[in-house]
Amino acid sequence: MVDRSMRGAAAIVGVADAVSPTGELDGTVRALEVQVIREALDDAGLTIADVDGLFTCTTPGWAASLELAEYLGIAPRWTDSTQTGGSSFEIHVQHAAAAISLGLCDVAVVVYAATPRSSFKKGAGGYTSRQSLPGPTPSAEWEQPYAMRMPMGAYALAASRHMHQFGTTAEQLAQIAVDTRTWATMNPRARLQDPITIDDVLASPVQASPLHKLDCCLVTDGAGAVVLTSTERARTLRKPPALVLGTGTCHTHAMISEMPDLTTTGAAVSGPLAFAQAGLTPADIDVAQIYDSFTITVLLLLEDLGFCAKGEGGAYVADGVLAPGGALPANTSGGGLAYTHPGMFGIFLLVEAVRQLRGECGPRQVAGAEVALAHGSGGVLSAMSTTILGTEATA
Amino acid sequence: MSEPLVIPAPDDAPDRQQPPISPAAEPFWDATRSCSLVIQWCRSCERAIHFPREACPSCLGTDLEFRPAAGTGTVYALSEMPSPGNAGMKGRAPYVVALVDLPEGVRMLSSIVSADGPVGAADVAIGDPVRVAWEPLPDGRHLPVFVRA
């Protein structure tokens, strides 16, 4: 039984992101968070005084939403620090849409910023800390002694299994990187804008077999924010709303050694949930933003979301279906492979999906995009969350 | 059962990153001191559990025990690391990390090694049968690794 009462009840009304072709941004993480919140609110025609729901998952301290709300000087009545890695923000949108549809908050802000690239260069470590309980982690006890390169090693294991089981080839995986880069050539804000070939991918250094460097996402600074409110209120605001038509979430493990089947992710659950709530099928998606931490991630997710059958992802992507002009334009910003990737890319999937629905994407605009899918993947293929967005025409 | 196969790290290698010992896993690590592979079982569900926990991830029951494992397995997935994933394997790359399915019904992350020297991805394939071997750790424990059977 699918509850469709949430369908279209809430909408994304403001988006902003901060990225640079250099991969580096000036300013602290807090300053970047404030910047993108301000810009996303302004995009919507709202102010910080309107915000009564706050969603954030990273902090140098111990309680992400408390510390950011204090910094912003707000007292939210809905608070959410759900941390699932790169899919956190799709989950935040799901939670925000639920809260808004129940009247538990009115204006929700979802925000993320990280500066691993510039922090690393300054010798201040890479990613921000993640607060944890005392005691050894299962990863330290059962995985780290084997010195798998992380996170690429975990995804490499999945790629090796998919190749073994279904005959998927390195060339097919490389095609995903090639098509994503083609999109990036049309985005002047992308970190990598030069076109590449399959041979370029295969000639790039192996990071963890069978994955090459160009199968792997970037490490950059970056920040993004989205603002949600009720669709009713959205219709009074500055920009056309992107209605939240369907959402679904499923996480299956934290460590790759606990993943039940390395060829099937929780997207096989989250995708059908989101499509059922939206009353749509994969054939209805005009433009897809599918988390490309690694090329294998996209391949697995295309299968699990139902764009092709399990095991057929290699053949599905081989003829450029994801490229400009393809049947499923995907990762149109240039993705985590070429646009930006500050550690958790999920917020940027949402920002690009909304911009496509609004027709704001210039040379890389997908003509007539009415329904967009943003799918976040967090951890090591661990936490999956699917968001389906639509224009007012889909209401 | 044959004699345990002990494969020390190369003489000049640094120590592997030492696995901490979680309370639930003390019997597992104690057994490695004598090169014995034991796996936790839930007596209620009659199923094997790995990694060891303080409750069964099927029934949340606490009627748990450790039993000797066959010491065999099958490679489920593998990846060759062209450079070390952490300082514990400095100087030992390339090496192979693999997920190994045990006949008891559990899966472990481990290394595929050989008494004859380094192992690369060309030397082992998914589906290959493997058996457990042991790399000494500085505190007297041994780290379970696998060799081709």
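**Exercise 1.** Which residues of helix H2 (residues 64-72) of chain A are buried?

*Solution.* The structure is a predicted model.
Step 1. Reading along helix H2 of chain A, one finds these buried residues: A:Ala64, A:Ser65, A:Glu67, A:Leu68, A:Ala69 and A:Leu72.
Step 2. Next, the cover is identified. Helix H1 (29-44), strand E2 (53-55), strand E3 (78-80) and strand E4 (107-114) of chain A are included in what covers the buried residues of H2(A).
Step 3. Finally, the end of the helix is inspected. A:Gly73 follows H2(A) and has a positive phi, near 75°.

**Exercise 2.** Locate A:Thr56, decide whether this residue is buried or exposed, and list what it touches.

*Solution.*
Step 1. A:Thr56 belongs to the loop between E2 and H2 of chain A.
Step 2. Its relative accessible area is 0%, and buried means under 20%, so A:Thr56 is buried.
Step 3. With residues up to four places away in sequence not counted, A:Thr56 touches A:Glu33, A:Ala64, A:Ser65, A:Leu68, A:Asp80, A:Ser81, A:His92 and A:Val111. Among these partners, A:Ala64, A:Ser65 and A:Leu68 are also buried residues of helix H2 of chain A.
Step 4. A separation can be added: from C-alpha to C-alpha, A:Thr56 and A:Pro76 are 12 Å apart in space, with their positions 20 residues apart in sequence.

**Exercise 3.** Repeat the analysis for A:Ala274.

*Solution.*
Step 1. A:Ala274 is part of helix H10 (residues 267-278) of chain A.
Step 2. The relative accessibility of A:Ala274 is 0%, so this residue counts as buried.
Step 3. Apart from neighbours within four places in sequence, the contacts of A:Ala274 are A:Gly246, A:Thr247, A:Gly248, A:Thr386 and A:Ile388.
Step 4. A:Ala274 and A:Ser385 are 111 residues apart in sequence, yet 8.8 Å apart in space, C-alpha to C-alpha.

**Exercise 4.** How many residues has the largest nonpolar core, and which of them have the most contacts inside it?

*Solution.*
Step 1. The largest nonpolar core has 119 residues.
Step 2. Those with the most contacts inside this core are A:Leu262, A:Ile285, A:Ile290, A:Ile296, A:Leu322, A:Ile388 and B:Ile112.
Step 3. B:Ile112 may be taken as an example. Leaving out residues up to four places away in sequence, B:Ile112 touches B:Val75, B:Val96, B:Ala98, B:Val100, B:Val119, B:Val124, B:Val130 and B:Phe146.
Step 4. Another core, of 44 residues, lies apart from the largest one; A:Cys57, A:Ala242, A:Val366 and A:Ala369 are among its members.

**Exercise 5.** Describe the second largest pocket by volume, lining and residue class.

*Solution.*
Step 1. The space in the second largest pocket comes to about 350 Å³.
Step 2. Its lining is made up of 24 residues, of which B:Pro10, B:Arg92, B:Val113, B:Gly117 and B:Pro118 are the closest to the centre.
Step 3. At least two residues of the lining come from strand E5 (95-101) of chain B, and at least two from strand E6 (107-112) of that chain.
Step 4. Sorted by class, the lining has 15 nonpolar, four polar and five charged residues.

**Exercise 6.** Explain why B:Cys56 and B:Cys42 are not counted as a disulfide.

*Solution.*
Step 1. The cysteine sulfur closest to that of B:Cys56 is in B:Cys42, at 3.7 Å.
Step 2. A disulfide needs sulfur atoms within 2.5 Å, so this pair is too far apart for a bond.
Step 3. Over all chains, the count of disulfides is zero.
Step 4. As for its surroundings, B:Cys56 has a relative accessible area of 0% and is therefore buried.

**Exercise 7.** Find the cis peptide bonds that precede A:Pro151 and B:Pro94, and the positive phi values of A:Leu381 and B:Cys35.

*Solution.*
Step 1. A:Met150 and A:Pro151 are joined by a cis peptide bond with omega of about 5°. A:Pro151 is placed in the loop between helix H5 (138-142) and helix H6 (152-166) of chain A.
Step 2. From B:Ala93 to B:Pro94 the peptide bond is also cis, with omega near -5°. The loop between strand E4 (72-81) and E5 of chain B holds B:Pro94.
Step 3. A:Leu381 is not a glycine, but its phi is positive, about 60°. This residue lies in the loop between strand E10 (371-378) and strand E11 (383-390) of chain A, and A:Leu381 counts as buried at 0% relative accessibility.
Step 4. B:Cys35, likewise not a glycine, has a positive phi of about 55°. Its place is in the loop between helix H1 (26-32) and strand E1 (38-42) of chain B. At 13% relative accessibility, B:Cys35 falls under the 20% limit and so counts as buried.

Notes: Residues are numbered from 1 along each chain as its sequence is written. Chains are lettered from A and ligands numbered from 1 in the order in which they are written. This is a predicted model: local features need pLDDT of at least 70, side-chain atom pairs count only at pLDDT 80 or more; totals for chains, interfaces and linings use all residues. Side-chain values use heavy atoms; hydrogens and water are left out. On a 1 Å grid over the protein atoms alone, a cavity is a set of points where a 1.4 Å probe fits but cannot get out, and a pocket is an open set with protein on both sides within 12 Å along at least five of seven lines; lining residues have an atom within 4 Å of a point. Grid points are joined across faces, edges and corners, and a volume is the space filled by probe spheres set on the points. Helices (H or I, at least four residues) and strands (E, at least two) are DSSP runs, numbered from the N terminus. Ala, Val, Leu, Ile, Met, Phe, Trp, Tyr, Cys and Pro count as nonpolar, Asp, Glu, Lys and Arg as charged, and the others, Gly among them, as polar. Buried means under 20% relative accessible area, exposed over 50%, partly exposed in between (1.4 Å probe, protein chains only). Contact means heavy atoms within 4.5 Å. A nonpolar core is a set of buried Ala, Val, Leu, Ile, Met, Phe, Trp, Tyr and Cys residues joined through side-chain atoms within 4.5 Å.
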